[in-house]
Structures are given as C-alpha cells and as structure tokens.
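Colleague: Could you take me through one part of this model in detail? I would love a close look at how one of the helices is packed, along with whatever sits around it.

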Amino acid sequence: MTPAQRRNLLLRANRHLGAALVDANLVKLESLEAANARLLELAATGAVRQRTVLGVLAYELKALREEDALLHLVDERGAGLVDLREWEVADDFKQTLSLESCWDTWTLPFDREEGINCVATAYGLSESVRAFWEKQLDGPILWYGATLDSLADAIEKIEAARAAAPKP
C-alpha cells in the first residue's frame with residue numbers, strides 16, 4: 001500500500017467510526033469534531049499508537065468510555081470480546097499481515113478455524129474497516145471487540161518478533 005492509500009484508509013476508518021459513534025449517541029458532534037482535528041495532528045507525527053479517534057475521544061477528551069463503544073459493538077453487531085494479551089496470534093497471520101493496515105484500522109486477524117477468520121477490532125462500528133478486512137481475508141469473519149491497548153500490545157509483539165527474526 002502506498003503512503004497515500006494508507007493515509008486514506010486511516011482517515012476513512014476513523015471518519016466512519018466517529019460517524020457511527022455519533023449516530024449511536026455515544027458522543028456529541030462537537031466532541032467528534034475536536035477529536036478529528038486532533039487526529040489530523042497525530043496522523044502527521046507518525047506515532048501509530050496514538051492515531052485513533054477512539055483514543056482521543058476516550059483518553060484525551062474524556063468524551064466517551066472505550067468500554068461503551070465495545071459494549072455497543074457487542075449489542076448492535078453481535079460481536080464477542082477478546083483480550084489479545086491472552087492469545088497467541090496464528091503463525092500465518094503473524095507472517096503475512098500488513099501491520100500498517102492493522103494500525104490504520106485498529107484491527108487484527110488473530111486466528112483461523114475451519115476457514116473462519118477470527119478478527120479483533122476496536123473499530124467494528126466502522127463500515128469501511130469491516131469492508132476492508134472482508135476484502136483482505138478469504139472466508140467468513142467472526143468479529144470480536146478488543147481494547148486499543150490489547151490490540152496495540154498484540155501488534156507490537158508481532159513487530160518485535162519480525163524485527164528479531166533472522167533475515168534470509
């Protein structure tokens with residue numbers, strides 16, 4: 001993916017999540033506008049762990065509890081919940097995933113059983129995130145909600161393992 005495509009994915013994922021949070025009456029439009037402005041600042045810095053409208057709303061602006069967004073995902077979409085710190089991501093995903101796409105969408109496929117992909121996300125309310133991963137993965141998806149910290153820790157663990165792996 002080119003840098004422009006990545007930026008587009010990042011902004012689209014966050015824009016659609018923000019709209020879904022407003023539509024669900026979880027945040028006010030004014031808070032989302034402030035979070036979007038902050039997201040643009042963060043997107044320019046390259047600090048991937050901070051580039052999240054959900055994180056800005058929950059932890060900087062205190063306009064939303066992350067748990068409320070996850071519970072809404074469970075209630076409205078029938079998703080399960082997973083703490084990725086308790087899982088070992090499947091080897092095929094560890095080796096083949098675009099971790100940049102995982103960061104940009106706050107989503108991580110973590111297991112595959114009998115052709116069904118298990119995917120953890122903090123952005124399950126974003127239609128563009130769901131559509132992106134449906135195109136990336138073969139087979140049906142079983143969606144799980146996960147916290148930003150859980151996802152970030154799991155992605156960073158994969159990054160560290162890739163960096164430590166011997167180069168061919």
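Modeller: Happy to; what follows goes from one helix to its partners and then to the cysteines. Please keep in mind that this is a predicted model.

Let us start with helix α7, which covers residues 127–136. Its buried residues are Ser 128, Val 129, Arg 130, Phe 132 and Trp 133. These buried residues pack against helices α1, α4 (66–77) and α6 (99–105), and also against strands β2 (107–113), β3 (116–121) and β4 (141–145). Ala 131 also belongs to α7, but at 33% relative accessibility this residue counts as partly exposed, because buried means under 20% and exposed over 50%. If you want a distance to check, take Ala 131 and Arg 85: they are 46 residues apart in sequence, and their C-alpha atoms lie 26 Å apart in space.

Now for one of those partners, α1. Two packed helices are described by the angle between their axes and the distance between the axes. For α1 and α7 the angle is about 130°, and the axes are 7 Å apart. The two helices are therefore oblique to each other. On the α1 side, the contact is made by Leu 9, Arg 12, Ala 13 and His 16, which meet Glu 127, Ser 128, Val 129 and Phe 132 of α7. Sorted by class, this contact has 4 nonpolar, 2 polar and 2 charged residues.

Helix α1, residues 3–23, also packs with α2, residues 29–45. Here the angle is about 165°, with 10 Å between the axes. Since angles over 145 degrees count as roughly antiparallel, that is how α1 and α2 are described. Their crossing is right-handed. From α1, the residues involved are Arg 7, Leu 10, Leu 11, Asn 14, Gly 18, Ala 19 and Val 22, and they meet Leu 29, Leu 32, Leu 39, Leu 40 and Ala 43 of α2. This contact has 9 nonpolar, 2 polar and 1 charged residues.

Finally, back to the elements that α7 packs against, for a word on cysteines. A search of the whole structure gives 0 disulfides. Cys 102 takes part in none, and the nearest cysteine sulfur, in Cys 118, is 15 Å away. Seen from Cys 118, the closest cysteine sulfur is that of Cys 102, and 15 Å is too far for a bond, because a disulfide needs the sulfur atoms within 2.5 Å. Cys 102 counts as buried, at 0% relative accessibility, and Cys 118 is buried as well, with a relative accessible area of 10%.

Technical notes. Residues numbered from 1 in each chain as written. Predicted model: local features only at pLDDT ≥ 70, side-chain atom pairs only at ≥ 80, totals over all residues. Heavy atoms only, no water. Axes fitted to C-alpha atoms, helices over the stretch in contact; angles between N-to-C directions. Helix = DSSP H or I, 4+ residues; strand = E, 2+ residues; numbered from the N terminus. Parallel < 35°, antiparallel > 145°, perpendicular 65-115°, else oblique. Left-handed = near helix turned anticlockwise from the far one by under 90°. Contact = heavy atoms within 4.5 Å. Nonpolar A, V, L, I, M, F, W, Y, C, P; charged D, E, K, R; others polar. Buried < 20%, exposed > 50% of the residue type's maximum accessible area, 1.4 Å probe, protein only.
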